[in-house]
Amino acid sequence: YDGDHGRYVLQNSPGIGSMKMLSFVKVMYDITDNVMKVPDESRMDDFISISGSKMRLLARNGAVPCSRTDIPTDLVGANCVPSGFMVPNGWDIVVDYYKNIDSGRWIPWSRPQVDPGASSQTKSEGKFGTGSFRLAHSTYESYWHDIPLRPEGQSDEIINLVTEIPLYMTAKMEMQKTLPGNPIGQDSNSDGSPRYYTYG
């Protein structure tokens, strides 16, 4: 891993001009003084890694501050965040966001609030980009079982195709194999939050 890699890539982006980019260095939580810092290789047992995934899970679970003197190694199990990880008011905002991410109050920049470009032969319910969204076919009961390989009256060179993710969308859609009728719906991350592509 090269901490300067992202800086070099961004520096070549159009519009950056003379803006300077800082390199990214991995920091960990030091339980001896309650500070996020570059870990000291000689005492790695004193450091706890708090990844972005762990931070999002803790926020979604509404984690509260840990004891300053007795910091557990399993933060998720204890459902607490160590003092000094983030300023309290900042953590309250993060918790509010991740606990209410599907409420419609928060709109992430990478998630367009639009209807999906769906065929006129479909019917939808719920809000696109949230766990409530479902897209079913108006004629066929199941995308998985009932749509024929070839459209009726067409040549053998033409086949039916089900596209789960609309063009220009970052919402990760999947055919729901466990639901009746196998509608297309929003895929979810391991913590239950809606899954979105963050690249491409």
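**Exercise 1. The cysteine pair**

Task: Classify Cys-66 and Cys-80 as buried or exposed, then work out how they are linked.

Solution.
Step 1. Cys-66 is buried, and Cys-80 is buried too. This comes from a predicted model.
Step 2. Check the sulfur atoms. Those of Cys-66 and Cys-80 lie 2.0 Å apart. The cut-off for a disulfide is 2.5 Å, so the pair qualifies.
Step 3. Place the two ends. Cys-66 sits in the loop between β4 (64-65) and α3 (75-78), while Cys-80 belongs to strand β5 (residues 80-81). The two are 14 residues apart, and the pair links distant parts of the chain.
Step 4. Read the geometry. The link of Cys-66 and Cys-80 shows 90° about the S-S bond and is right-handed.
Step 5. Count. The total comes to one disulfide. A disulfide is a covalent bond between the sulfur atoms of two cysteines.

**Exercise 2. Confidence**

Task: Find which element has the lowest mean pLDDT and which the highest.

Solution.
Step 1. Start with the whole chain. The protein chain averages a pLDDT of 83, and 82% of the residues score at least 70.
Step 2. Go to the elements. Helix α1 (residues 5-11) has the lowest mean pLDDT, 60. Helix α3 has the highest, 94.
Step 3. Apply the caution. Where pLDDT is low, the predicted coordinates should not be read in detail.

**Exercise 3. A three-stranded sheet**

Task: Give the strand order of the open sheet and name its edge strands.

Solution.
Step 1. Write the order. The open sheet of three strands runs β2-β1-β3, with antiparallel pairing.
Step 2. Pick the edges. Strands β2 (35-37) and β3 (47-48) each pair on one side only.
Step 3. Look at one pairing. Strand β1 (residues 28-30) and β3 run antiparallel and are joined by two bridges.
Step 4. Find a facing pair. Tyr-29 stands opposite Ile-48 in β3.
Step 5. Follow the chain into the loop between β2 and β3, where Asp-40 lies. Asp-40 has a relative accessible area of 32% and is therefore partly exposed.
Step 6. Locate Asp-40 against β1. The C-alpha atoms of Asp-40 and Met-28 are separated by 9.5 Å, with their positions twelve residues apart along the chain.
Step 7. Add the side chain. Asp-40 and Ser-42 share a side-chain polar contact of 2.7 Å.

**Exercise 4. Aromatic pairs and a methionine**

Task: Decide how the rings of Phe-85 and Trp-91 are arranged, then compare the rings of Phe-128 and Phe-133.

Solution.
Step 1. Count the pairs. There are three aromatic pairs.
Step 2. Take Phe-85 and Trp-91. Their ring centres are 6.1 Å apart, their planes are at 75°, and the pair is edge-to-face.
Step 3. Take Phe-128 and Phe-133. Their centres lie 5.2 Å apart and their planes meet at 85°, so this pair is edge-to-face.
Step 4. Check burial. Phe-85 has 16% relative accessibility, so it counts as buried. Trp-91 has 5%, so it is buried. Phe-128 and Phe-133 are both buried.
Step 5. Bring in Met-86, in the loop between β5 and α4 (88-99). Its neighbours in contact beyond four places in sequence are Trp-91 and Val-94. Met-86 is partly exposed because its relative accessibility is 32%.
Step 6. Reach across the sequence. Met-86 and Val-35 are 51 residues apart in sequence, yet 9.3 Å apart in space, C-alpha to C-alpha.

**Exercise 5. Positive phi and a buried serine**

Task: Describe the phi angles and the surroundings of Asn-79 and Asn-182.

Solution.
Step 1. Read the angles. Asn-79 has a phi near 50°, positive in a residue other than glycine. Asn-182 has a positive phi of about 50° and is not a glycine.
Step 2. Place them. Asn-79 lies in the loop between α3 and β5. Asn-182 lies in the loop between β8 and β9 (184-186).
Step 3. Test exposure. Asn-79 has 24% relative accessibility, so it is partly exposed. Asn-182 has 7%, so it is buried.
Step 4. Find a contact partner. Ser-142 touches Asn-182, along with Ile-147 and Gly-181, leaving aside residues up to four places away in sequence.
Step 5. Place Ser-142: it is in the loop between β7 (134-137) and β8 (173-175). Its relative accessible area is 4%, so Ser-142 is buried.
Step 6. Finish with the side chain. A polar atom of the Ser-142 side chain lies 3.0 Å from the backbone nitrogen of Trp-144.

Key
Residues numbered from 1 in each chain as written. Predicted model: local features only at pLDDT ≥ 70, side-chain atom pairs only at ≥ 80, totals over all residues. Heavy atoms only, no water. Pairing = 2+ DSSP bridges. Helix = DSSP H or I, 4+ residues; strand = E, 2+ residues; numbered from the N terminus. Buried < 20%, exposed > 50% of the residue type's maximum accessible area, 1.4 Å probe, protein only. pLDDT = per-residue confidence, 0-100. Polar contact = N/O pair within 3.5 Å; in protein donor to acceptor, adjacent residues only side chain to side chain. Contact = heavy atoms within 4.5 Å. Phe/Tyr/Trp six-rings, centres within 6.5 Å; stacked < 30°, edge-to-face > 60°.
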